[in-house]
Amino acid sequence: MKEFVKNYKLINGVEIPKIGLGTWQIAPGKDAYNSVLMALRHGYRHIDTAAAYQNEKSVGDAIKDSGIPREEIFITTKLPAEIKDYHTAKKTFAKSLDLLGVEYVDLYLIHAPWPWNEIGKDCRAGNVEVYKAMEEFYKEGKAKAIGVSNFSPEDIENIIGNCEIMPMVNQIGYFIGLDQKSTIDYCNAKGIFIIAYSPLGIGYLLKNTVILEVAEKYSVSAAQICLRYLLQKGVAALPKSTHEERIIQNTELDFEIAKEDMLILDSVKGDPRRWS
Ligand SMILES: NC(=O)c1ccc[n+]([C@@H]2O[C@H](COP(=O)([O-])OP(=O)(O)OC[C@H]3O[C@@H](n4cnc5c(N)ncnc54)[C@H](OP(=O)(O)O)[C@@H]3O)[C@@H](O)[C@H]2O)c1
């Protein structure tokens, strides 16, 4: 079995494939439909979407048309960051299930601890309220796992202190150059699994000369180095692409980056958006 479809296990025993297709900024309609269908045909069994991406219907249609049994595909979707009340959370989750055309999702996440246009706002009470709704989805079997995204240790402490079920996942921006050490150390200590979003630094990492040199040494692409690096860190990763050759390339991860080269990649620092 290829490395990218092997599973990690969450604290509640649910299995999650190492590589998932990201779908942020893939337009609803034929783009999202075709990307997801291509990915499934090339062996992906993990798809990441969100209500905010507005492509859940296309993602769900592609999953249905793939003919792959539902239980073989790990589907994540997310509660929009601006929703911080129980009733809207319940309604929004029901709509996501409906658009995806499924009875359950494998993972449901709070997209962020604050609305995107009010980053840092104190939404502690609202996060507890919506997480309590998510605990119900979990108990009803409509979400096989629940968790958070973009949460700091303090944001997670607020959930743990006021809710019943430990979040199983924290999905965070994690890629070469952004080590996320304090959040990852905290999550590891609590058994909260890390899923790395923007694993290619939204594409900007692929021009980095250090990464390109390591890629040349292993006769792979910069994207493959970025993804293999994250797998060797023990996290799942969500590369997004709409191009078939890249969707395939991002699954070819059956090589090992030597310890000394991992250290070289660890030494890369900073925001890749400023490296061009
Ligand atoms: N929870 C959150 O708040 C959050 C935030 C951001 C992202 N995410 C999730 O994480 C996923 C991935 O993150 P992302 O979309 O920010 O970016 P990413 O996966 O780091 O990078 C995507 C970019 O890299 C390009 N690319 C992909 N594979 C490539 C390859 N092999 N060679 C060259 N270029 C390649 C893509 O272009 P093409 O598409 O043109 O091929 C696209 O421009 C998202 O789609 C979403 O599912 C979650």
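The exercises below look at the ligand, the pockets and two backbone angles of a predicted model.

The model is predicted, so local features need pLDDT of at least 70 and side-chain atom pairs count only at pLDDT 80 or more, while totals for chains, interfaces and linings use all residues. Residues are numbered from 1 along each chain as its sequence is written, and side-chain values use heavy atoms, with hydrogens and water left out.

**Exercise 1.** Describe the surroundings of the ligand and its polar contacts.

*Solution.* Begin with the residues near the ligand, where near is defined as having a heavy atom within 4 Å of it. There are 29 residues around the ligand, and the closest are Asp48, Ser198, Lys240, Ser241 and Arg246. Sorted by class, this shell has eleven nonpolar, 14 polar and four charged residues; here Ala, Val, Leu, Ile, Met, Phe, Trp, Tyr, Cys and Pro count as nonpolar, Asp, Glu, Lys and Arg as charged, and the others, Gly among them, as polar.

Next, turn to pairs of N or O atoms within 3.5 Å, which are called polar contacts. A backbone N or O atom of Trp24 is 2.9 Å from a ligand oxygen atom, and a backbone N or O atom of Leu200 is 2.8 Å from an oxygen atom of the ligand. In the side chain of Gln171, an N or O atom lies 2.9 Å from a nitrogen atom of the ligand.

**Exercise 2.** Compare the linings of the largest and the second largest pocket.

*Solution.* A pocket is an open set of points on a 1 Å grid over the protein atoms alone, where a 1.4 Å probe fits, with protein on both sides within 12 Å along at least five of seven lines; its lining residues have an atom within 4 Å of a point. The largest pocket has a volume of about 890 Å³. Its lining has 40 residues, and Trp24, Ser198, Pro199, Gly201 and Ile202 are the closest to its centre. By class, this lining has 16 nonpolar, 19 polar and five charged residues.

The second largest pocket has a volume of about 230 Å³. Its lining has 19 residues, with Tyr174, Asp179, Ile184, Tyr229 and Lys233 nearest its centre. These lining residues divide into twelve nonpolar, three polar and four charged.

**Exercise 3.** Examine phi in Gln180 and Ser198.

*Solution.* Start from the general rule that most residues other than glycine have a negative phi. Gln180, which is not a glycine, has a positive phi of about 55°. Ser198 is likewise a residue other than glycine with a positive phi, near 45°.

How values were computed
Polar contact = N/O pair within 3.5 Å; in protein donor to acceptor, adjacent residues only side chain to side chain. Points joined across faces, edges and corners; volume = space filled by probe spheres on them.
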